[in-house]
Amino acid sequence: MNKKKLGQFFTNPVIAEFMVKLGYSDNVKKVLDPSVGPGVFIKYLNKINSKCEKTVFELDQNMIKLFKENVNDNSKIINSDYLKTDIKEKYDLIICNPPYKKFQEIDDRKQLIEIFKNKYSIKMSGYSNYCVYFLIKSINELNINGKCVYIIPYEFLNCGYGEVIKKYLVDKKILSKIIKFDNKIKLFNDATTTSCIILLENKNNENVQFINVSSLEKLNLIWNDCNENNNEVFLYNYKELNYKEKWSKYFRKKENYLNNDNFIRLKEIARVKRGIATGDNKYFLLNIEKIKKYNLSNCVCEPCICKSSDVDDVIFDQKKFNELKRDNKKVFLFDGRNSVTKSDNNYIKLGESLKVNKRYLTSHRNPWYSIEEKKVAPIWISVFSRNKIKVVRNEMMIKNLTTFHGIYLNNNDDINILFCYLLTPISHKILYLNKREYGEGLDKFEPNDLNDAIILNLNIISADDKKKILILYEQLKSKNVDKVITKLNDIFVKYVNDTLNLD
Ligand SMILES: C[S@@+](CC[C@H](N)C(=O)[O-])C[C@H]1O[C@@H](n2cnc3c(N)ncnc32)[C@H](O)[C@@H]1O
């Protein structure tokens, strides 16, 4: 099996040492590492106490060889699948960097879900990452007062499949600390993911500490500073934890915006929907050169923004579109339903000869060469971002692919006010409370992350300020955009109640 199939990403020694210190105490007699790899945790453990009884699991023979070379101790090595091995014993310390695999890569997913339902009374989501199966199993192998230390992708705290896991942790009151690394820290060389360290303690915990770590050097400061007076540590009582919500909010000061009339959720005034998915961009996206080559009629060429990088300006109009067209960018979508000429029909036949009609999305469309029915969105917002969210006013009113989500207002009266607000850094700060983190500073929004995101209630803006905002909107077309956005930001910041305490 290859490295990816086995989820082989190795723990940085600084982190490994920290994790051992976090879990170890004089009461620790029996230790388990469910996915040992080269054995970095056992190596550090032996430095503190080499007398513990250690059991380690590893699937890969090559890793076992490495482990033996590296560690060379009396650990009991089990060369089998940890998830499929019945363990009757209980451990005082379970320490693990589990293999990380997306749900699509787990071959025996259905079987695992069934085992977990019967054995641990948990209905795992089919979308679960492989690593959370390890976590749940380990919880059930802990001695009373035992500790479990995992390094695990942070994503499960904020995404759908994590809900049952969070519920499990909350119901058992087993969670004691979550230490979150800043997503700019690259922990694993070839994995794009933000990680966190989780400490579970098998006793009735009352509170959970949520800790931010901004650099690896700061990790060791946690020993001295781990209390609620420290900026980086936020203490929440179990009663305050809601497993149905994203947990990124617990890594900040408690927010009270939800009972503040100055804020609403975006979905109260608009709907965010994903853009069009073609099912085969190579076939459906067209530039002028391709349109000429196949002699396609205007009727089958629907203007569409396909790549976020094609849009540099905050306002997209006919002039910008013409520039892209002239530069031979792919800014048309083939829509075979409107085909009128022989050449149009030939292009459909070409698609069939290339088996475009047999692809997943096209085979579910009728006819396969139609494009998804979606209303044109007046505002686009980027799906992925780094620090700054790209927001574009689609003045030309053309379609967009999934590179952007579309924002559709219930009532278009305030459309340019909302757009101007969404351009500002203050709005991004608040929207980002609902983001998903992809590691290395890359953030993502699914449509519902934005639907649920908080925005300023536009109704509280005075008529005078609205006038000023609309004048600034016009200036976005001609003046220095950054300067105009700064002016807009100044207006909106006034309204953002400082009780939010976002800093
Ligand atoms: C993320 S690596 C961590 C290795 C090491 N503990 C570390 O922290 O550097 C996970 C290890 O688990 C092994 N592995 C993958 N699936 C496994 C399974 N089902 N049971 C036991 N080990 C497994 C992989 O071969 C890999 O060495």
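## The ligand and its surroundings

A nitrogen atom of the ligand lies 3.1 Å from an N or O atom in the side chain of Tyr130. The backbone also takes part in such pairs: a polar backbone atom of Ser35 is 2.9 Å from a nitrogen atom of the ligand, and a polar backbone atom of Val36 is 3.0 Å from a nitrogen atom of the ligand. On its own the ligand has 590 Å² of accessible area, and the protein covers 99% of that. The model described here is a predicted one.

How many residues surround the ligand, and which come nearest? There are 24 residues around the ligand, and those that come nearest are Gln8, Thr11, Ser35, Glu58 and Asp81. Two helices can also be named as contributors to this shell: helix 2, residues 40–48, and helix 5 each supply at least two of its residues.

## Gln8

Gln8 is one of the residues that come nearest to the ligand. In the chain, Gln8 sits in the segment before helix 1, which spans residues 13–23. Is Gln8 buried or exposed? The relative accessibility of Gln8 is 10%, so Gln8 counts as buried, the limit being under 20%. Gln8 can also be placed relative to Gly37: the two are 29 residues apart in sequence, while their C-alpha atoms are 7.7 Å apart in space.

## The nine-stranded sheet

Nine strands make up an open sheet with mixed pairing, and their order across the sheet is 3-2-1-4-5-7-6-8-9. Why is one side of strand 3 and of strand 9 left without a neighbour in the sheet? Strand 3 (76–78) and strand 9 (233–237) stand at the edges and each has a single partner strand, so one side of each has no neighbour there. On average, neighbouring strands of this sheet are turned by 15° against each other when direction is ignored.

Within the sheet, strand 4 (residues 91–96) and strand 5 (residues 142–153) run parallel and are joined by five bridges. Ile94 stands opposite Cys148, a residue of strand 5. Helix 5, residues 130–139, packs on the sheet and touches strand 4, strand 5 and strand 7 (195–201). The direction of helix 5 makes about 170° with that of strand 5. Helix 5 also supplies at least two residues of the shell around the ligand.

## Cys301 in strand 13

Cys301 belongs to strand 13, which covers residues 301–305. With a relative accessibility of 9%, Cys301 falls under the 20% limit and therefore counts as buried.

Which residues does Cys301 contact, leaving aside its neighbours within four places in sequence? Cys301 is in contact with Leu286, Ile291, Leu296, Phe332 and Leu333. A further pair links distance in sequence with distance in space: Cys301 and Phe334 are 33 residues apart in sequence, yet their C-alpha atoms are 5.1 Å apart.

## Thr278 and its contacts

Thr278 is in the loop between strand 11 (270–274) and helix 9 (281–284). The relative accessible area of Thr278 is 3%, so this residue is buried.

The side chain of Thr278 has polar partners. One of its polar atoms lies 3.0 Å from the backbone nitrogen of Asp280, and a polar contact of 2.5 Å joins the side chains of Thr278 and Asn281. Not counting residues up to four places away in sequence, Thr278 touches Phe284, Leu285, Leu333, Leu361, Thr362, Arg365 and Leu401. Leu333 is also among the contacts of Cys301.

## Backbone exceptions

Most residues other than glycine have a negative phi, and most peptide bonds are trans. Lys173, although not a glycine, has a positive phi of about 50°. Lys173 is in the loop between helix 6 (162–172) and strand 6 (175–181), and with a relative accessible area of 30% it is partly exposed.

Asn328 is likewise not a glycine and has a positive phi of about 60°. Its place is the loop between helix 11 (318–326) and strand 15 (332–334). At 24% relative accessibility, Asn328 counts as partly exposed. Which residues are joined by a cis peptide bond? The bond lies between Asn366 and Pro367, and its omega is about -10°. Pro367 is in the loop between helix 13 (360–363) and strand 16 (379–382).

Technical notes:
Residues numbered from 1 in each chain as written. Predicted model: local features only at pLDDT ≥ 70, side-chain atom pairs only at ≥ 80, totals over all residues. Heavy atoms only, no water. Helix = DSSP H or I, 4+ residues; strand = E, 2+ residues; numbered from the N terminus. Buried < 20%, exposed > 50% of the residue type's maximum accessible area, 1.4 Å probe, protein only. Contact = heavy atoms within 4.5 Å. Pairing = 2+ DSSP bridges. Axes fitted to C-alpha atoms, helices over the stretch in contact; angles between N-to-C directions. Near = heavy atom within 4 Å. Polar contact = N/O pair within 3.5 Å; in protein donor to acceptor, adjacent residues only side chain to side chain. Areas by Shrake-Rupley, 256 points an atom, 1.4 Å probe, with all protein chains shown as cover.
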